[in-house]
Amino acid sequence: MYGLSKIHKQYVPFRPIVSSINTYNYKLASFLVNVLKPISSNSHTVQSSFSFSNWIQANQNYNAVMCSYDVTSLFTNVPLDETINISLNKLYNMPSPPSIPRTDLKKLLLFATKESHFIFNGCFYDQIDGVGMGSPLGPVLANIFMVDFEEKWITNNINTFSPICWKRYVDDTFTLFNNTNDANLFLNYLNNRHPNIKFTSDMEETNKLPFLDILIIKENNQFQTTVFHKKTFTGLYTKWDSFIPRKYKVNLINTLLDRFWKICSNDNLFNQEVTNLKQLLIRNGYPNGIINYNIKNFIKRKNTTNSTTVEGPEKLTISLILPYVGYQSDVLKKKLCSFLSKFYGGVKVNVIFRNRFNLATNFKFKDRINPANKSCLVYQYLCSDCNEKYIGKTVRCLRERKKEHFNALTKSYVKSSIANHIHMTNHSTSFDNNFKIIDYANNNFELTIKEAFNILENNPKINENNDFQLSLY
């Protein structure tokens, strides 16, 4: 677990993050997200800032006061047991309930949440309540709890001070009231509904209110929308002289323009954001010609209706992640795409370049995991008597794989090339310092490839013929 500072808030609190990538229940959590998705939204839910911008521009003529409510530390205050029971009740009351038995699904949900371990300050912990940011289930469970909260206390609310409109994105809401007093009364009402959930509120100032990354402007009971920047925004973007492909820098311009286009409600507001963007990009070292060319090209594409349809079967997209080393990487990408297009017309390759050296590599703020507890790796065993090597892979933690090799010394039904080598040579059985990690991977497929390359390069003598079979075509 580590913390990300909320520099835009008073006293700079930390947002706790429990990174669950490559943990033993990560794939289970990802699977359960799809099971829970149908009950994680309602008519109040906002899917994105773009959809909200479209909604508010289509709903005008409100003579109302704008107010924004924010749930205080929603993720860490979600009551886990209560939310799991809410999920199960909703899922199994649907016309088409899940095919998984209710008791089994409950066990899986508990296994993917309460059985999540993390390291902090050198110690292992279990998160027994709340949902952690960093797990695929975090946002879904938070949304399910808030959907149930809204159905109980907002949708069917008949108080005279109830909001005219209530829209929510996870823990942020946009609301409309008849007057400021109603907004304050409703805040007090909300804060007395559930012991875990407390709200704070922000009222409109000079007919303006920020929500997500949108600034909502009210003029003559009409809503206009433009881009909102927090006070902590410094204007720093990816520098033009950054060691990344040129395409990524150009795509930054197009991405920001597309964001302005979708959020700004009229041409004047869009042009104003474009003017500000030009100045910021110049401050970040972008050539003026590059900026102007891409802005003109973007506007031209948006104003041109392209009715061309591509016929034929959809191509299979393959993504390749390669290290970025400069100009040579761009040349390799062109040759690779040309080769695949020529010989494999049904394949579309998406080359992603990654720079292994960035600012974060110089600041190790996470707890270091003991090598014995690391997983999805290629390891090497070195015999302390004859210096012969064995190279293998495991998707589990190295400690468990070492135990299997050690158990094979006394259990004949457990196969191990290392144990066979020790039996035949009568060499030392000490395993304490004989193992080391030589490579990592993100999945078993990549792991198999890396194991193959390490075996071919090092030719370990302890490996037997059936340890790894490599076919060359």
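A nonpolar core is a set of buried Ala, Val, Leu, Ile, Met, Phe, Trp, Tyr and Cys residues joined through side-chain atoms within 4.5 Å. With that in hand, welcome to a few close-up views of this predicted model.

**View 1. The largest nonpolar core and its best-connected members, L36, Y69, F186, L190 and F199.** This core holds 43 residues, and the five named in the title touch the most other members. Several elements give two or more residues to the core: the helices α1 (26–36), α3 (74–77), α4 (80–91), α5 (102–113), α6 (137–153) and α7 (180–190), together with the strand β3 (65–71). The top contributor is α6, with eight residues. Look beyond this core and you will find another one lying apart from it, made of 34 residues that include F223, I253, V274 and L277.

**View 2. Helices α4 and α6 crossing.** Here the two helix axes come within 9 Å and cross at roughly 75°. An angle of 65 to 115 degrees counts as roughly perpendicular, and α4 and α6 are therefore roughly perpendicular to each other. On the α4 side, the residues to look for are L80, E82, T83, I86, S87 and K90, which meet L141, I144, F145, D148 and E151 of α6. Sorted by class, this contact has five nonpolar, two polar and four charged residues.

**View 3. An open sheet of four strands.** Reading across the sheet, the order is β6-β7-β3-β8, and the pairing is antiparallel. At the edges stand β6 (165–169) and β8 (199–203); each has a single partner strand, so one side of each is left without a neighbour in the sheet. From one strand to the next, the twist averages 20°.

**View 4. Strands β3 and β7 side by side, with α6 packed on the sheet.** The pairing of β3 with β7 (residues 172–177) is antiparallel and runs over six bridges. To get your bearings, find Y69, which stands opposite T173 in β7. Helix α6 packs on the sheet and touches β3, β6 and β8. The direction of α6 makes about 170° with that of β6.

**View 5. Helices α2 and α8 in contact.** The axes of α2 (residues 49–58) and α8 (residues 246–263) come within 9 Å and cross at roughly 25°. That makes α2 roughly parallel to α8. Four residues of α2, namely S49, F50, S53 and Q57, make the contact with R259, K262 and I263 of α8. By class, the residues here divide into two nonpolar, three polar and two charged.

Terms used
Residues numbered from 1 in each chain as written. Predicted model: local features only at pLDDT ≥ 70, side-chain atom pairs only at ≥ 80, totals over all residues. Heavy atoms only, no water. Buried < 20%, exposed > 50% of the residue type's maximum accessible area, 1.4 Å probe, protein only. Axes fitted to C-alpha atoms, helices over the stretch in contact; angles between N-to-C directions. Parallel < 35°, antiparallel > 145°, perpendicular 65-115°, else oblique. Contact = heavy atoms within 4.5 Å. Nonpolar A, V, L, I, M, F, W, Y, C, P; charged D, E, K, R; others polar. Pairing = 2+ DSSP bridges.
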